[in-house]
Amino acid sequence: MSENPKHGKRFQGSGQKRDRTGAPPGRDRTQQRPPRRPQRTPLDPARQAAFDVLRAVSERDAYANLVLPSMLSERGIHGRDAAFATELAYGSCRTLGLLDAVIAAAAGRPTDQIDPVLLDLLRLGTYQLLRTNVASHAAVSTTVEQAGIEFDTVRAGFVNGVLRTISGRDEASWVAELAPAKDADPVGHLAFVHNHPRWIAQSFADALGAAAGELDAALAADNSRPGVHLAARPGVLTAAELATEADGTVGQYSPYAVYLGGGDPGRLAAVRDGKALVQDEGSQLVAQALTLAPVIGEDGGRWLDLCSGPGGKTALIAAIAARQGGSVAAIEPAPRRAELVEQNTRGLPVEVLRVDGRESALEPGSFDRVLVDAPCTGLGALRRRPEARWRRTPADVPVLAKLQRELLAAAITLTRPGGVILYATCSPHVAETVGVVSDALRRQPVTALDTRPLFAPADGLGDGPYVQLWPHRHGTDAMFAVALQKAL
């Protein structure tokens with residue numbers, strides 16, 4: 001054994017002489033070993049699941065709330081890891097505007113100049129830095145390591161630099177720098193603070209009208225986790241019985257509603273057996289309002305749900321109709337949604353028709369009550385689909401409003417004189433609500449009924465005759481509804 005006096009290292013002599021490069025005789029000293037890629041540590045299962053959800057949303061326009069649960073189940077991710085993956089995936093989707101603004105500022109370039117895969121990694125890391133209690137070094141290192149796996153050392157270095165810049169400041173500091181000035185653009189400022197596109201925040205302000213001072217609360221409510229509401233099937237199970245079985249609380253407004261404290265509602269026997277279903281209380285109130293609206297003349301029990309998929313409101317309406325000897329025709333042109341209507345209404349007096357509601361070939365004037373739960377932007381349910389706020393654009397509104405006007409006109413044609421049409425949307429945008437109804441009132445033989453009494457005991461519904469529910473007021477989706485009566 002000998003010791004290298006320069007490095008203090010001991011080595012076992014081989015008996016071979018070495019030249020100045022340290023290579024043994026016979027080796028071509030011009031040959032260089034290829035550089036080794038550094039050993040990288042992949043993302044842990046929770047972060048990997050969140051990252052895969054972000055990729056699915058970005059690449060395939062997938063819905064995070066549909067992709068993630070099945071992914072967690074398939075990969076056997078449970079407990080705290082599942083909760084962490086859910087927070088990262090949903091949170092990153094929901095706060096996309098803030099994340100991209102911060103990333104662009106830290107990177108010194110617009111996000112559309114960053115590779116999409118790298119951008120989703122940066123979003124995942126940035127969310128952890130700004131919105132979680134994850135240690136900064138862990139958020140940065142795990143993201144950098146994955147960048148090295150997905151790409152190379154250069155791109156990993158880019159991610160490292162961007163995230164370290166972001167980690168030097170907290171969210172409040174970044175918001176103060178990047179948000180529109182509160183005095184110059186109050187709506188834009190609140191939109192940025194609460195992670196909404198400005199056009200959506202403006203549509204909420206327009207819908208609130210004189211109560212626009214509630215915009216801060218309305219936007220904040222969209223970022224809260226919605227409670228799970230159940231609907232007990234009328235004539236089969238009472239809300240009180242369901243609350244006892246589900247260890248829940250009887251709802252505040254709907255006589256069928258139960259608020260579930262926690263757990264998987266799909267595991268409840270009442271849900272599995274079709275005695276109850278998962279349904280927002282606002283949707284329950286809309287369905288009930290159709291059944292309560294006054295008609296002129298005798299109600300023959302012939303009711304229609306013009307836009308029935310996936311069948312939640314249809315089931316509640318049909319259960320009420322069954323107790324009165326009535327039946328429901330349910331229109332749904334999409335095959336998969338029509339199947340869901342059939343599943344959700346099994347055992348009830350419902351006929352599912354796979355036709356376009358605008359051209360149903362049904363006999364005009366043959367229905368006493370018609371529900372038009374029209375396809376819409378879904379701006380009233382942003383709590384449930386975290387990526388939806390960034391996927392919708394203002395260009396969607398006129399296209400949907402045209403469809404809504406056509407569906408409402410068809411519903412009026414199918415309603416008998418003295419009958420009632422209940423028009424509803426899960427959006428507060430005035431072009432989809434008051435705008436559509438105002439057009440019908442001008443062109444069609446209908447008058448608007450004061451719809452607010454049909455939603456009792458809920459209050460704070462607006463000035464009438466329309467009803468507007470809000471998450472921050474009622475804990476429901478932002479449902480709009482109005483009852484229209486066809487002239488005799």
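This report walks through helix packing, nonpolar cores, backbone features and a few individual residues in a predicted model.

## Helix 1 against helix 5

Two packed helices are described by the angle between their axes and the distance between the axes. For helix 1 (residues 45–60) and helix 5 (residues 116–131), the angle is about 130° and the axes lie 10 Å apart. That angle makes helix 1 oblique to helix 5, because it falls neither in the range 65 to 115 nor over 145 degrees. The crossing of this pair is right-handed.

Which residues make the contact? On the side of helix 1 they are Arg 47, Ala 50, Phe 51, Leu 54, Arg 55 and Ser 58, and helix 5 answers with Pro 116, Val 117, Asp 120, Leu 121, Arg 123, Leu 124 and Gln 128. By character, the residues of this contact are seven nonpolar, two polar and four charged.

## Two nonpolar cores

In soluble globular proteins, nonpolar side chains tend to be buried together. Here the largest nonpolar core has 53 residues, and Val 53 and Ile 166 have the most contacts inside it. At least two residues of this core come from each of helix 1, helix 2 (64–74), helix 3 (79–94), helix 4 (96–107), helix 5, helix 6 (136–150), helix 7 (153–167) and helix 8 (171–178). Helix 5 is the one that gives the most, with nine residues.

A closer look at Ile 166 is worthwhile. Setting aside residues up to four places away in sequence, Ile 166 touches Val 102, Ile 103, Ala 106, Thr 126, Leu 129, Leu 130 and Trp 174. Another core, of 36 residues, lies apart from the 53-residue one; Ala 315, Leu 461, Leu 469 and Ala 483 are among its members.

## Helix 10 and its surroundings

Helix 9 (residues 186–193) and helix 10 (residues 198–208) have axes that come within 9 Å and cross at roughly 115°. Helix 9 passes helix 10 in a right-handed crossing. In this pairing, Val 187, Gly 188 and Ala 191 of helix 9 meet Arg 198, Ala 201 and Gln 202 of helix 10. The residues of the contact divide into three nonpolar, two polar and one charged.

Which residues of helix 10 are buried? They are Trp 199, Ile 200, Ala 201, Ser 203, Phe 204, Ala 205 and Leu 208. Ala 201 thus appears both among the buried residues and in the contact with helix 9. The cover over the buried residues includes helix 9, helix 11 (215–222), helix 17 (388–391), helix 18 (396–414) and helix 20 (471–474). Just after helix 10 comes Gly 209, with a positive phi of about 60°.

## Backbone features to check

Most residues other than glycine have a negative phi, and most peptide bonds are trans. Against that background, two cis peptide bonds are worth a look. One runs from Gly 309 to Pro 310, with omega near 5°, and Pro 310 sits in the loop between strand 7 (302–305) and helix 15 (312–323). Another runs from Ala 456 to Pro 457, with omega near 10°; Pro 457 belongs to the loop between strand 12 (446–449) and strand 13 (467–468).

Positive phi values turn up in two aspartates. Asp 61, in the loop between helix 1 and helix 2, has phi near 55°. Asp 247 also has a phi near 55°, and this residue is in the loop between helix 12 (239–246) and strand 4 (249–250). Asp 247 counts as exposed because its relative accessible area is 68%, over the 50% cut-off.

## Two residues with contrasting exposure

Is His 474, in helix 20, buried or exposed? With a relative accessible area of 7%, under the 20% limit, His 474 is buried. Leaving aside neighbours within four places in sequence, His 474 is in contact with Tyr 253, Asp 459, Gly 460, Leu 461, Gln 468 and Leu 469. Two of these contact partners, Leu 461 and Leu 469, also belong to the 36-residue core.

Ala 83 is part of helix 3. Its relative accessible area is 47%, between the two cut-offs of 20% and 50%, so Ala 83 is partly exposed. The C-alpha atoms of Ala 83 and Arg 155 are separated by 30 Å, and the two residues are 72 residues apart along the chain.

Conventions
Residues numbered from 1 in each chain as written. Predicted model: local features only at pLDDT ≥ 70, side-chain atom pairs only at ≥ 80, totals over all residues. Heavy atoms only, no water. Axes fitted to C-alpha atoms, helices over the stretch in contact; angles between N-to-C directions. Helix = DSSP H or I, 4+ residues; strand = E, 2+ residues; numbered from the N terminus. Parallel < 35°, antiparallel > 145°, perpendicular 65-115°, else oblique. Left-handed = near helix turned anticlockwise from the far one by under 90°. Contact = heavy atoms within 4.5 Å. Nonpolar A, V, L, I, M, F, W, Y, C, P; charged D, E, K, R; others polar. Core = buried A, V, L, I, M, F, W, Y, C linked by side-chain atoms within 4.5 Å. Buried < 20%, exposed > 50% of the residue type's maximum accessible area, 1.4 Å probe, protein only.
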